[in-house]
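The exercises below concern one protein chain and are to be worked with its sequence and coordinates at hand. Each task is followed by a solution in steps.

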Amino acid sequence: MVRVVGRPIRPGADLLLNDDEKPAYIRLHDIGRERRPQPLQEFLNDIGGLMLSADAPAVASFVAGKVLQRLLKTGKVRPEGSPLPGVPEGLNDAVSYLAKSGRKYEAIADQFNSLAGRLVWRRGRTGPFASLNFGNTHSHAVLVGPGGMEERADLRVGVIYMDRYTRFPDHVQTQPRAFILLSPGEICLGDSQWFSAATGTVFANDAGQSFAIRCTAQPLLAVWCQVEPG
């Protein structure tokens, strides 16, 4: 389901972490007791391989490497059932574009297609410089982490979707975070200038640094990950 959150934004809020309710954190001794579904495991493997490739920035690979190390053990996997409502309408277009972006992305697109209906998609809160009607043109979900398909407290692997010509609001990230674009996009990190990035671009943004992202003629699809504090 898609939940629209109407609370005002706290100064410095991290807009990718708009959890609606306190997640049911999994006790440490429960980590590693379950088997991860094959499509999720394959997706994490393939995305991880790209984020650790020689072409990826060292900082992004460092963050992703810490996440992947923890992913060697599995959290509490949500039981399979009927697809959840709320999958973004334009998501199929983004996934189809990804599948046509090169052979190495075909499998990732298929894997994500099989996962999208099992995710809880949330609409993001608007904020500074966001595009008009942002609440209806953006959704994000957690694959692994609090509230995710695989519930656990020590990390997050999330996905961002935005319709064409959408701009995510500027916001400050609370933890070091690594990203990979699964579509073309434009990015602004901290005080840097906007830059265009192609499908497969890997980058990182540090804790306490502002972040903004936007897309033009193609809808945006991106995966991000971080280690949770504590």
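**Exercise 1.** Which residues does T199 touch, not counting residues up to four places away in sequence?

*Solution.* The model is predicted, so local features need pLDDT of at least 70 and side-chain atom pairs count only at pLDDT 80 or more, whereas totals for chains, interfaces and linings use all residues. Residues are numbered from 1 along each chain as its sequence is written, and side-chain values use heavy atoms, with hydrogens and water left out.

Step 1. Locate the residue: T199 sits in the loop between β8 (195-197) and β9 (202-205). Helices (H or I, at least four residues) and strands (E, at least two) are DSSP runs, numbered from the N terminus.

Step 2. List the contacts, a contact being heavy atoms within 4.5 Å. T199 touches Y97, L98, S101, Y105, L181, L182, S183 and P184.

Step 3. Assign the exposure: with a relative accessibility of 18%, T199 is buried. Buried means under 20% relative accessible area, exposed over 50%, and partly exposed in between (1.4 Å probe, protein chains only).

**Exercise 2.** Determine where Q175 lies and which residues are in contact with Q175, leaving aside its neighbours within four places in sequence.

*Solution.* Step 1. Q175 belongs to the loop between β5 (171-172) and β6 (177-181).

Step 2. The contacts of Q175 are N205, D206, A207, Q226, V227 and P229.

Step 3. The relative accessible area of Q175 is 18%, and the residue is buried.

**Exercise 3.** Analyse the salt bridge between E228 and R156.

*Solution.* Step 1. Apply the criterion: a salt bridge is a side-chain nitrogen of Lys or Arg within 4 Å of a carboxyl oxygen of Asp or Glu. For E228 and R156 the N to O distance is 3.1 Å.

Step 2. Place the partners: because E228 lies in the segment after β11 (220-227) and R156 in strand β4 (residues 155-162), the pair ties together parts that are 72 residues apart in sequence.

Step 3. Compare the exposure of the partners: E228 is buried at 9% relative accessible area, and R156 is buried at 4%.

**Exercise 4.** Describe further salt bridges, given that the structure holds 8.

*Solution.* Step 1. In the pair R167 and D170, the closest N and O atoms are 2.7 Å apart. R167 is buried at 16% relative accessibility, whereas D170 is partly exposed at 26%.

Step 2. E186 and R214 meet through their side chains at 2.6 Å, N to O. This pair links distant parts of the chain, with E186 in strand β7 (residues 185-189) and R214 in strand β10 (residues 210-214), 28 residues apart. R214 is partly exposed, its relative accessible area being 27%.

Step 3. R36, E150, R152 and D154 are joined into one network by salt bridges that share partners.

**Exercise 5.** Summarise the chain as a whole.

*Solution.* Step 1. The protein chain has 5 helices and 11 strands.

Step 2. Of its 230 residues, 50% count as buried.

Step 3. Among contacts between residues at least 6 apart in sequence, 73% join residues at least 24 apart.
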